[in-house]
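This report looks at one enclosed space in the protein and at a helix pair connected with it. The sequence and the structure are shown first.

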Amino acid sequence: MTTGSGTAPAPPEATPPAEASAAARPAAEPPAAASPSAIARPPDTASPPAARRGSYRRLSVEARRAELLTAALDLFAHRAPEDVSLDDVASAAGASRPLVYRYFPGGKQQLYEAALRSAADELERCFEEPRSGPLSARLSRVLDRYLAFVDEHDTGFSALLQSGSVAETSRTNAIVDEVRRAAAEEILLHLAVKEPGARLRMMVRTWITAVEAASLIWLDEEKRPSPAELRDWLVDQFVAMLTATAATDPQTARVMRAAVRMEPAEGPVGRLARRVVPSLGEASHLL
């Protein structure tokens, strides 16, 4: 979303003079004074923005680093990590390879991990939702944001979660696992349980894993069915898993009763119940 970072920086002559001098200065990048010729140039002859697009721009340390991360994240989102080079990132950011090394001395691996951390933060925010209203509606909004992220970062998401990339390390694995745990904790908060037991925690974490797996299959199936259909199906899966766990776990049973009381008849849980009950009629002989 990796080739090693040992590649030597480009030769000095490949670096624009302005950028070469910038690399030798401290991290801060103060605005440059305008040259006399630039001051004297009439406004109507000034270069249009498109013509100046590739020129070096002086930015603060934070702004330049954020710009490089944004460019890297966009590339890692749509190409496997091993297919992205530092030159690609530099070109996408309108910078040079030495400047990328200046901000990420560890090379592409460090840049990849920083981009992954940025993506993980964004993915964790997908699960943040006000804890009010029916649980199914909250889950639907969470899944809308999650699937939009998957859609936008399709190739990178697949490369990240399917593993096997040469960029994969214990640190990248830890970042991914942190997202899973954070997502599970957010869902448990919505269930309003101060001390969830082992079965309830396992059920929620299993659902998070199912969401992740379904997202990968969805990408493999060329994003079919529609995101809305996939979202509704995943909400149904949550309700079904909660119901099955409630059958043997008193704590989950209490959580489920409290959640169902808030559900409207025309909501996702009501629709699911009306679809399932007729099917269960065929199993009356089991009762």
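In this predicted model, the second largest cavity holds about 100 Å³ of space. Its lining is made up of 13 residues, and those that lie nearest the centre of the cavity are L135, V239, L242, A259 and V269. Helices α8 (135–152), α12 and α13 (250–261) each contribute at least two residues to this lining, with α12 giving the most, namely 5 residues.

Helix α12 (residues 227–246) also packs against helix α11 (residues 198–220), at an angle of about 155 degrees and with the two axes 10 Å apart. Because angles over 145 degrees count as roughly antiparallel, α11 and α12 are therefore roughly antiparallel to each other. Their crossing is right-handed. On the side of α11 the contact is made by R199, L200, M203, T206, W207, V211, A214 and W218, while α12 brings P227, L230, W233, L234, Q237, F238, M241, L242 and T245. L242 thus appears in the contact with α11 and is also among the residues nearest the centre of the second largest cavity.

The residue classes of the two sites are set out below.

| Site | Nonpolar | Polar | Charged |
|---|---|---|---|
| Contact of α11 with α12 | 13 residues | 3 residues | 1 residue |
| Lining of the second largest cavity | 10 residues | 2 residues | 1 residue |

Technical notes
Residues numbered from 1 in each chain as written. Predicted model: local features only at pLDDT ≥ 70, side-chain atom pairs only at ≥ 80, totals over all residues. Heavy atoms only, no water. Axes fitted to C-alpha atoms, helices over the stretch in contact; angles between N-to-C directions. Helix = DSSP H or I, 4+ residues; strand = E, 2+ residues; numbered from the N terminus. Parallel < 35°, antiparallel > 145°, perpendicular 65-115°, else oblique. Left-handed = near helix turned anticlockwise from the far one by under 90°. Contact = heavy atoms within 4.5 Å. Nonpolar A, V, L, I, M, F, W, Y, C, P; charged D, E, K, R; others polar. 1 Å grid on protein atoms, 1.4 Å probe; cavity = no way out; pocket = protein on both sides within 12 Å on 5 of 7 lines; lining within 4 Å. Points joined across faces, edges and corners; volume = space filled by probe spheres on them.
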